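Trainee: I would like to take a close look at one part of this model, together with whatever context is needed to place that part properly. Could you walk me through the details in one connected account?

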Amino acid sequence: MELDLRKLRDENKLKQSELANILGVKQPYISSIERGRYEISKEILERLKERFPEIQHIKTNIREKEVITVDESEAKNLMNIIAEQLQRIKEKDEQISRLLTLIEDCQQKITQLQNDIRGK
């Protein structure tokens, strides 16, 4: 039998938010596990077993996280790529900010012109 988090909640008359509080996670995480979007982590499973001893015998198919190792030069290359992308994002954010300022200035000028026309 596999762990059915929704069934466990229902049997214990708990809302997702209540179970999330018990486990020290956010409610959307519980929802995502129940919908099969995420697998339950070992850490959360251990917390569940502490709180709900009746699930000690339940099997799960939790996979270990895969650890990827890279050599130092490859890591530096990856860091450089990330730094370049972050710089591009920063530049785009600055451009968007300038455009928004220009739009606001234009809106103010249009409003002023409309007021001037109405005043005549």
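What percentage of the 120 residues of the protein count as buried? And, with that settled, how do the axes of helix α2 and helix α3 cross, and which residues make the contact?

Mentor: The model is a predicted one, and in it 18% of the 120 residues of the protein count as buried. The protein exposes about 10,300 Å², of which carbon and sulfur atoms supply 52%. Its secondary structure consists of 5 helices and 0 strands, so that reading along the sequence gives the pattern α-α-α-α-α. Among the contacts with a separation of 6 or more, 44% are accounted for by residues 24 or more positions apart.

Turning to the part you asked about, helix α2 covers residues 16–23 and helix α3 covers residues 27–34, and their axes come within 8 Å and cross at roughly 110°. Because of that angle, α2 counts as roughly perpendicular to α3. On the α2 side the contact is made by Gln-16, Ser-17, Leu-19, Ala-20 and Leu-23, and on the α3 side by Gln-27, Ile-30, Ser-31 and Glu-34. Sorted by character, the residues of this contact divide into 4 nonpolar, 4 polar and 1 charged.

Glu-34, which takes part in that contact from α3, also deserves attention for its side chain, which meets the side chain of Arg-9 in a salt bridge with an N to O distance of 2.5 Å. This pair links distant parts of the chain, since Glu-34 lies in helix α3 and Arg-9 in helix α1 (residues 5–11), 25 residues apart. The two partners can be set side by side: Glu-34 counts as partly exposed at 21% relative accessibility, whereas Arg-9 is buried, with a relative accessible area of 7%. The cut-off matters here, because buried means under 20% relative accessible area.

Helix α1 also holds Leu-8, which is buried, with a relative accessible area of 5%. Leaving aside its neighbours within four places in sequence, Leu-8 is in contact with Leu-48, Phe-52, Glu-54 and Ile-55. With respect to α2, the C-alpha atoms of Leu-8 and Leu-19 are separated by 9.8 Å, the two residues being 11 residues apart along the chain, and Leu-19 is one of the α2 residues that make the contact with α3.

For context, a search of the whole structure finds 3 salt bridges, and the pair of Glu-34 and Arg-9 is one of them. Another joins the side chains of Glu-43 and Arg-47, with 2.2 Å from N to O; both residues lie in helix α4 (residues 42–51), 4 residues apart, which is about one turn of the helix. Arg-47 is partly exposed there, with a relative accessible area of 27%. A further salt bridge is formed by the side chains of Glu-72 and Lys-76, at 3.4 Å from N to O, and these residues are separated by about one helical turn because they are 4 residues apart in helix α5 (residues 72–119). In this pair Glu-72 counts as exposed at 57% relative accessibility, while Lys-76 is partly exposed, with a relative accessible area of 49%.

Terms used. Residues are numbered from 1 along each chain as its sequence is written. This is a predicted model: local features need pLDDT of at least 70, side-chain atom pairs count only at pLDDT 80 or more; totals for chains, interfaces and linings use all residues. Side-chain values use heavy atoms; hydrogens and water are left out. Buried means under 20% relative accessible area, exposed over 50%, partly exposed in between (1.4 Å probe, protein chains only). Contact means heavy atoms within 4.5 Å. Accessible areas come from the Shrake-Rupley method with a 1.4 Å probe; for residues, only the protein chains shown count as cover. Axes are lines fitted to C-alpha atoms, for helices over the stretch in contact, and angles run from 0 to 180 degrees between N-to-C directions. Angles under 35 degrees count as roughly parallel, over 145 as roughly antiparallel, 65 to 115 as roughly perpendicular and the rest as oblique. Ala, Val, Leu, Ile, Met, Phe, Trp, Tyr, Cys and Pro count as nonpolar, Asp, Glu, Lys and Arg as charged, and the others, Gly among them, as polar. A salt bridge is a side-chain nitrogen of Lys or Arg within 4 Å of a carboxyl oxygen of Asp or Glu.
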